[in-house]
Each structure stands twice: as structure tokens, then as C-alpha cells.
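Notebook open, structure loaded. I want to look at how the domains of one chain meet, then at one helix.

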Amino acid sequence: MNKAPILITSNLNKNFGNQPVLENINFEVKKGEKIALIGENGTGKTTLIKIISGLLKPTSGIVQIDECDMHNNNIEKPAIGICIDELMLEQRLSVFENLEFYAKLMPIKNPTNEIGKLLEIFACNHIVNAQIDLLSSGMQQRINLIRSLLNIKEQKILLLDEPTKNLDHNSKKTLMNKIFCKDDLTIIVATHDIDNISSWASKIIEIKNNKIEIKEI
Amino acid sequence: MKKMRILFKKDFLISRKEFNSLFSGIAFGLTSIIFYNLTIDLFMLDAKTILPGLLWITFLFCGILVTNKSFEQELDNGIIYALKILNVPFTLIAISKTTTNFLFILIIESVLLLAALLFFNIQIVDFRMILPIIIISLGMISLLTCLSPLSYKNQSGTFLTYIIVVPLLIPLLLAATRITFVLIGLIDVEQHWLLLGTLFSFWQTIMSIILFQFIIDE
């Protein structure tokens, strides 16, 4: 069956000053598709992720998720998950206090249960009371991933920017086997981990010379 | 209301864990009061005539100390991004931060006022003036809180913030000083200063919270 697209980007352009970073970006993502976003350093992967999420305004063009314009500030945006460079965690609070804070802001029926499940999946049960700034960068990344997955059932799309950064081998495997492989999950993952892409991605978008190239797998 | 409660709970939790700004505010304020006490010749001058003005300038700088890093984590760690993704209105973030900072400045002001009364041997005469002083403190702290992201991000922002803040706070500080004169029994109640202080404070609180979303968006 031909599914309707969840994400549509139309004629996206982004300049930083006079420097063009993204030019005429047009693509669609359907429900359940798994996109690997690749490209060399500085090609605009993070910029594209931020534009899709609505965090960064494009110079021109439109991003729609579930038919909602992501850059219209006057409307309620659809639920999305995002994990980017920024930690998005309050350093002075504990792991649980951080996750509970975000979970309560989401329409989740049983936040504590959901947090417990994800902590278990990422083997973080033992650091639940640890303060974020005392954790290693790998552990912080795990908690940041858990934060982005809290409302995974409600999310229209999950946007991850180099999610395997600082992660150990087991955590990478967990992420790929238990999260990326969920059938109904729509994800865009910006990554340099090209060797593992074929195990989870259905499509590759490569950014080169400010433009995109789409390859089916 | 639910989102507001959650944000406030988080900010309150952080305040409980980190008292740096509160302590630096109290330490700065106490040092100033001791300095005034040692340098002002009480045989030559009536302390009542100069103390309210000095106190409010001290409160202003304590307020700057308390609010300066209010949005440090939100901006450095991208928490503001996460909240935007979750459709949390920026006005709620501003209200929550203003409330916690307001509680901090009330604690600081209480300690400093008591210290000042003690050091200069002055008594509170008109307790009705405490409420207007609390309202004026809210106006001052809301403006400092909501403009603090400007000063936090860059050095020119710091300069710009004080250029904006100081003229905006002058009417409030004038009203606050006059009301403090009444508090310690130097003059009788002046209705126009009471009215100006209260209205200006409410106006400034509302404007700061509305402006906050534009400052953050920038």
C-alpha cells in the first residue's frame, strides 16, 4: 500500500550570512521509513535536522510534518523526538529528575513506567539517582537518547544527530536492534557510521555540495 | 497550569540544590551594608535620609547577581530547544524562572533589610509598606530575569542589557526609595508614589514576560 508522507520538505534553502549551506532540498519521508543522512563534516546534516525539527528557520522553503508547517509559531507542533549535539539535560538534576521532568511534559500515561523501561533497555538503572554532570559523556549520551525516546509511541518522526557518538559497542547494538528496527518508527539519523547503515536504513540521503542525493537501499 | 507546575517544580529543585546566586547576593549585600555603616558618619548625617536609596541600589545589584545566570543551562545545554519541541510556551518558562528568582530576592532583601535596621539602629514604623515593596521587587526581578539571556550570550549583550534595564528601573527605584522612607517613618504616605510603584511594577512584569519569547527567539 502506498503510504502518505509524514515529512515533506519543499524548496528548502539555508544560508549562513552569504554562505549557502543547503540549496533546493526536496524530499519526502513516509511512515516507517528509516533514513540515513550522511555527508562529510560541515555539509549541513545538523542544520537540516534542526530545520526539520523547527528549531532553525530556513532561509526559504517549507517543512511539513504530518501536514503541519514546522516553522509556523502560531500552531501546536506534532510530537517529534530529537537528539542533537546539545545535551538537553539539566546538569544539576539527577537522571531520574531530568527524565521525569520531560516525561511529565509529554502526554504519557505512566511516565515512571516508561522511564523504567528505557533505563532498563539502555542499562542505566544503576545511575538513576546520579547527577548528570557527574556522568561520563557516554552515559550522558545514553540518557539524552532515553529522553528523546520517552514519547516514542506518540512521535511522528524521530530525528537523531550522530546518536552513536560516545556510545560503547553494546549501547550501539541496543540502539540499532531495539529502537531503529521498530517497524512503525519513522526516523532520520545523521551519521558517520556508514558501515552499519545497511542493517537498519531503508534510504540514504547524502548531502554533497549543498544539495542532496537520495539512494534507495 | 500543569506545564507551569512542572517547570516551577524543576526550577525550585535546582534552586534547592544550588545556592550560589543566593549566597553571592547575600554576601555582596551584607558587605555593602557593613561598608556603608563604617564609612557614613552618623553624627553628621541622619542615616534615615540616605539608607533607603543605598539599600535599593544594593538590592538592584543583588538582583543582577541572582538573575544573571538564570538561563545558563537552558541556553548552554539546549534545554530551551527540548522545551520548544514539546510545545512549552516560552512565557511559562519566563514565569517559572521569575518566580524562583523572586523568592530568592525576597530572602536577600529580608536579610539585608534586617541587617541595615540593626547596623543603623532604625525601626520599621509603617508595616503596611511591606506589600508595595514586595510588588516593586517583583517588577524589578521580572525585568532582570527576562533580559538576562541577552547579557548571558555575549559581552555586548551585557552592556546593552544595562543600557535598557537601568532607565526602565529608575521610576521603580525612585518609588521604592520613597516607600522605604515611609516604612522607616521619615515621611508620611505618598499616594502617587505608591500608585506609580505598583502600576509600573505590574506593567513591567507583564511586559518582561511577553518580551521574553522574542528575546529567546533572537
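I started with salt bridges (a side-chain nitrogen of Lys or Arg within 4 Å of a carboxyl oxygen of Asp or Glu) and got one between domain 1 and domain 2 of chain A. I then looked up A:Asp168 and A:Arg142, whose side chains meet in a salt bridge at 2.9 Å, N to O.

Note to self: this is a predicted model, with local features needing pLDDT of at least 70 and side-chain atom pairs pLDDT 80 or more, while totals for chains, interfaces and linings use all residues. Residues count from 1 along each chain as its sequence is written, chains are lettered from A and ligands numbered from 1 in the order written, and side-chain values use heavy atoms, without hydrogens and water.

Next, the bounds, which come from an automatic or database domain assignment: domain 1 of chain A is 1-78 + 156-217, and domain 2 is 87-155. Their contact (heavy atoms within 4.5 Å) takes 17 residues from domain 1 and 12 from domain 2. I read 23 Å between their C-alpha centres.

Buried area (accessible area, 1.4 Å probe, that two parts lose on being put together, summed over both) comes to about 1200 Å² between the two domains, 69% of it from carbon and sulfur atoms. On the domain 1 side, A:Lys156, A:Asn166 and A:Ile179 supply 29% of what is buried, more than any other three residues.

Last, helix H2 (95-105) of chain A (helices are DSSP runs of H or I, at least four residues, numbered from the N terminus). I found nine of its 11 residues buried (under 20% relative accessible area, 1.4 Å probe, protein chains only), among them A:Leu99 and A:Phe101. These buried residues pack against H3 and H4 of chain A together with H1 and H5 of chain B.

Key. Buried means under 20% relative accessible area, exposed over 50%, partly exposed in between (1.4 Å probe, protein chains only). Helices (H or I, at least four residues) and strands (E, at least two) are DSSP runs, numbered from the N terminus.
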